[in-house]
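Colleague: Could you take me through one part of this model up close? I'd like to hear how the pieces of a single chain sit against each other, and then how that chain meets its partner.

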2 protein chains.
Amino acid sequence: MKQLSVDLGERSYPILIAQGLLSQPGCLSSYVQGEQVMIVTNTTVAPLYLASAIEAFAGKTVATLVLPDGERYKNLDILQTIYDALIDGKFDRSVTLAALGGGVIGDMTGFSAATYQRGVDFVQIPTTLLAQVDSSVGGKTAVNHPRGKNMIGAFHQPRCVLIDIATLLTLPKREFQAGLAEVIKYGLIADAEFFNWLEHNAKALLARDESALLYAIEKSCQLKAKVVSQDEREQGARALLNFGHTFGHAIETAQSYQDWLHGEAVAAGMVMAAQLSVRQGWLSPQDADRASNLLAAVGLPVARPASITPEQMLTIMSVDKKVLDGTIRLVLLKAIGDAVVSADYSREALQATLNTAS
Amino acid sequence: MKQLSVDLGERSYPILIAQGLLSQPGCLSSYVQGEQVMIVTNTTVAPLYLASAIEAFAGKTVATLVLPDGERYKNLDILQTIYDALIDGKFDRSVTLAALGGGVIGDMTGFSAATYQRGVDFVQIPTTLLAQVDSSVGGKTAVNHPRGKNMIGAFHQPRCVLIDIATLLTLPKREFQAGLAEVIKYGLIADAEFFNWLEHNAKALLARDESALLYAIEKSCQLKAKVVSQDEREQGARALLNFGHTFGHAIETAQSYQDWLHGEAVAAGMVMAAQLSVRQGWLSPQDADRASNLLAAVGLPVARPASITPEQMLTIMSVDKKVLDGTIRLVLLKAIGDAVVSADYSREALQATLNTAS
């Protein structure tokens, strides 16, 4: 088993990565301080992993809550459902919530944990690639507002992240590929060597080869853990992790979270950010092509959907969380492995980038 | 002007107390880091103080949101209204929210600030006695769940608390008296000398004498700031501030927050806690009588409403935030000025205490 650490003083926690972890009864019990656990999952994941997850908390009293599956349920209404279940079950401040599922389940469960009785413990059991390499690590929790993704949320760190890569074997191909977008992101913003490795191992990853998966997930979690340890609340370097996300969120919001997956939108967003970087003269066209080619090779979109207009994109982007005093700050590339946050780009270059559709 | 400090490292902030503070244009501008302010208030307070509050932020861009007045609106639905206004106005992470009103406005605005875009700044401008001496200081923010008060919330400290005691002159008598419950609470749990002063100055306070008010508010804020600085997240000593509140919350919840004011429920709750302390042999009957007599002297109830049954009380108390692993922990008195958190009381004594109604 690989064990990484997110170093945040007394709020530090481990990331455990291995094949078959979830099949070990009691493996999570020591991360629960009280006696009560409530596992929150969805209708897709429950039949596959809920029984194992209950066993993982052997020795504790475990309740479960199964929610509908999908980003469109990541809203204040479903939060009410979670609060209702907690109060109906008379769960007190000593409860530990466990998020069993993808990013949506993790974000919602984490936000419930951040706000139920002003904050209770939670653990992350991510079962999608995207959640394993990105959303389960770092304590960002949120729900969506109809007019903006993750607009309502909190920073609340989990007590533990348990990544069982065996869960990836049941993941639909499209979702698996969407998760690769975030893996590729780490190479693009912070590690040219890793990007190079990804170019050479894309096929092994697509075949869900165990050792390739373990390496890619460990590397991604390492990069994320380092950034989060340095900048928990996104005052600086953590913002680089939003590469492709301002464009991507605009796509998702325009589609009411019902069409493209998050990773797909981010893939197109990263290409847009790379193209804008080229237009600024910051990134070579060759490097932008490498980014675009790798994303395409793993089956991801590399341009916004034609059904969304440039005007729609710009309107939604202007209410993104990265906006400060009216200016849209974007993560742009200087080279593969070297990203910057900037508001210092030409508006014409942005407009030209938005005009390009698939 | 009196200036106190809540000492919490880089999250420290001042409490400013004086007569007529709010009439000084620009007095709050230096506590706003960005350019945008949104003042959240209610239909009762807006006609009285919104114009002054806007002036208090001179030099900033100020928007306003006027909500309906009342504890029954302190819920997830009204939160949605606040989020909508923030998103419609394209407010970004640099916005500062300002809570202008009583405890309900402060708690909701604070929780919105804690969760909008994962946390933005806010300032407190409490206009009721209860908010000035209690809820505006210490960073507890929350909304109610239909089955439990303040069940959904966060710890989020304001940047500044501005207390203009001139606002108390427009406060309805009943609300003013309800605020005195929390003032008396500080004497009961932590300061026998202050309790003694309150016994001798109850009439001056009821007459809203300026110097008596200044002293009582300063003393209350001092005691609260000290406790919060020591125990921000209520791991220990801060729980003492909940004296009377577990009983009180049960009364409020049973009435769906529509009948007694919070301070009235807390007054009755404090008498119940004192009576339980007497039944335990911890507090002298004479001291319990002094507590009860002072509360009655300022026009507050000293027993639960007869319309609520002991069974209802107990059921609601068992989902209170102070419950840990199934046990109701209560704040009880050893003497006036000396409180303890305990689960070590007899269940029969609790039952007998609950059986007593007005």
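Modeller: Here is a walk through chain A, from its domains down to single residues and then out to chain B.

Keep in mind that this is a predicted model. The domain assignment splits chain A into domain 1, residues 2-170, and domain 2, residues 173-355. Their C-alpha centres are 25 Å apart. Each side puts residues into the contact: 32 from domain 1 of chain A and 32 from domain 2 of chain A. On the domain 1 side, the elements giving two or more residues are β1 (2-6), β2 (13-18), α4 (129-135) and β8 of chain A. Sorted by class, that side of domain 1 has 15 nonpolar, 10 polar and 7 charged residues.

Now for a helix pair. Helix α5 of chain A, residues 173-190, packs against helix α9 of chain A, residues 262-279, at an angle of about 35°, and the axes are 7 Å apart. The α5(A)/α9(A) crossing is left-handed. From α5(A), the residues in the contact are Ala178(A), Gly179(A), Ala181(A), Glu182(A), Lys185(A) and Leu188(A), and they meet His262(A), Gly263(A), Glu264(A), Val266(A), Ala267(A) and Met270(A) of α9(A). That contact breaks down into 6 nonpolar, 3 polar and 3 charged residues.

His262(A) turns up again around Glu252(A), whose contacts beyond four places in sequence are Lys149(A), Tyr257(A), Trp260(A), His262(A) and Ala265(A). Glu252(A) itself sits in helix α8 of chain A, residues 245-254. It's a charged residue, yet Glu252(A) counts as buried because it has 25 C-beta neighbours inside 10 Å, and the cut-off for buried is 20 or more. Ala265(A) is 13 residues from Glu252(A) in sequence, with 6.5 Å between their C-alpha atoms.

As for the nonpolar core, the largest one has 238 residues, and Ala98(A), Ala273(A), Ala98(B) and Ala273(B) have the most contacts inside it. Setting aside residues up to four places away in sequence, Ala98(A) touches Val37(A), Ile39(A), Val40(A), Ala53(A), Phe122(A), Val123(A) and Ile125(A).

That leaves the partner chain. The contact between them takes 32 residues from chain A and 32 residues from chain B. On chain A, at least two residues each come from α2 (76-88), α3 (103-115), β7 (140-145), β8 (148-155) and β10 (323-324). β8(A) gives the largest share of that side, 6 residues, and β8 of chain A is also among the elements on the domain 1 side that touches domain 2 of chain A. By class, the side of chain A that touches chain B has 13 nonpolar, 10 polar and 9 charged residues.

How values were computed. Residues are numbered from 1 along each chain as its sequence is written. Chains are lettered from A and ligands numbered from 1 in the order in which they are written. This is a predicted model: local features need pLDDT of at least 70, side-chain atom pairs count only at pLDDT 80 or more; totals for chains, interfaces and linings use all residues. Two residues are in contact if their C-beta atoms, placed from the backbone, lie within 7 Å. Helices (H or I, at least four residues) and strands (E, at least two) are DSSP runs, numbered from the N terminus. Domain bounds come from an automatic or database domain assignment. Axes are lines fitted to C-alpha atoms, for helices over the stretch in contact, and angles run from 0 to 180 degrees between N-to-C directions. A crossing is left-handed if the near helix is turned anticlockwise from the far one by less than a right angle, and right-handed if clockwise. A nonpolar core is a set of buried Ala, Val, Leu, Ile, Met, Phe, Trp, Tyr and Cys residues joined through C-beta atoms within 7 Å. A residue is buried if 20 or more other C-beta atoms lie within 10 Å of its own, exposed if 12 or fewer, and partly exposed in between; C-beta atoms are placed from the backbone.
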